[in-house]
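Reader: Hi, I'm new to this one. Could you show it to me and walk me through a few spots?
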Amino acid sequence: MRKKVAFYTLGCKLNFSETSTIARTFVNEGFDRVEFNEVADIYVINTCSVTENADKRFKSIVKQAQKVNPKAFVAAVGCYAQLKPHELADVNGVDLVLGATEKFKITDYLNDLSKNDMGEVHSCEIEEADFYVGSYSIGDRTRAFLKVQDGCDYKCTYCTIPLARGISRSDTMESVIENAKEIASQNIKEIVLTGVNIGDYGKGEFGNKKHEHTFLDLVTELDKVEGIERLRISSIEPNLLKNETIDLVAKSRAFVPHFHIPLQSGSNDILKKMKRRYMKELYIDRVSKIREVMPDACIGVDVIVGFPGETDGHFLETYNFLNGLDISYLHVFTYSERDNTEAAVMDGVVSKNVRMKRSKMLRGLSVKKRRAFYESQLGSTRTVLFEGENKEGYIHGFTENYVKVKTPWNPELVNTLHQVELTKIDSDGIVRFEFIPVLAH
């Protein structure tokens, strides 16, 4: 009997690409991959450590697996597994915890799959996470996440990612192009580039500081890969998003006009406390540059509320800054203390209810921004890539500039690209459209 394995991924796109790669390892070793809610012999949970919430969800996911098969072997991998391996090992039902370098060799650690009394931990010192493992996700979505870089050399005071993923290191250009071609050969229409700090692309695969290639070199080469309809840059630091890259995207064959640029705060005082590598003036400059060459581009922003020392004045500065900025939506994170970070011991702790209130205000602003962006796109002609899920009788899709659209469910549309005219915004905030008839030649 072939053994069955199921996966659950918490956190970012990078985790999805790595889960997919780990899953292929299992399949190559003779396992069958099944859904997480099905009976499996092994459940692998890829963890995240960015927020407190991700920590709490881990326990409920373990319980979920045990409910389906109490005898199943449960393994935890990923960022939280690297940062707090023993804490995860203590969770009832967990048999194996693997850190940053071990997760890609997970099948080497599986002996007889019998349940352990105590979770077994294999986790390196993070300094040893100095080699690069390429990953990409396919088979889960209509788009693939292609990992090009891992780790981070920045020292932001709130962030545990360098502790969880080690130093900044990159895949070789040849390997990324090879992976992109492999994805293209599987009829996947869109690739999203992902990493921890992708703008830092080019540091050697062992983290050596020599940049053989820059991020600009990478996107220039990827743009030439045939068979990929769309390329999307996931998230890139404002100080690493260069004018040349913005210009390349504007003229590109495959790169779409969509940027996600972390801001974190609209107050220079707070940016300094966070040890971010720019001031808000640079951020304004990046947004203006994008708007100048791509007026219809979608610009998403990450922002953290309730950072230690953030007064009402600082928060209002952030709110007004974002309100006045020509951006399209926000991802709002409520600050949560992470062990072993500088911010965790800073003065000026903001109470939880104030954090929640600020978060709610910015989420409201995000709704307003997205609505205004969608309204600005009505009447325009766009290309939509349709997703594969039937959601309450509708199929959804995204335009190249990330406007979400829907139309009554039609399975023939799945994973296809169509030209449409955006016509109106539905009551749920999603855009409706008319198909533009294809003229026969």
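Author: Happy to; we'll go through a helix, a threonine and some cysteines. This is a predicted model, where local features need pLDDT of at least 70, side-chain atom pairs count only at pLDDT 80 or more, and totals for chains, interfaces and linings use all residues. Residues are numbered from 1 along each chain as its sequence is written, and side-chain values use heavy atoms, with hydrogens and water left out.

Reader: Great! Which residues are buried in helix H8?
Author: Thr 245, Ile 246, Leu 248 and Val 249, in a helix spanning residues 243–251. Buried means under 20% relative accessible area, exposed over 50%, and partly exposed in between (1.4 Å probe, protein chains only). Helices (H or I, at least four residues) and strands (E, at least two) are DSSP runs, numbered from the N terminus.

Reader: And what covers the buried residues of H8?
Author: Helix H7 (215–222), strand S12 (230–233), strand S13 (258–264) and helix H10 (280–293) are among what covers them.

Reader: New topic: is Thr 318 buried or exposed?
Author: Buried, at 2% relative accessibility. Thr 318 sits in helix H11 (residues 312–323).

Reader: What does Thr 318 touch?
Author: Leaving out residues up to four places away in sequence, Thr 318 touches Ser 265, Gly 266, Ser 267 and Val 303. Contact here means heavy atoms within 4.5 Å.

Reader: Last one: how many disulfides does the structure hold?
Author: Zero, where a disulfide is a pair of cysteine sulfur atoms within 2.5 Å. The closest cysteine sulfur to that of Cys 152 is in Cys 156, 6.5 Å away, so too far for a bond.
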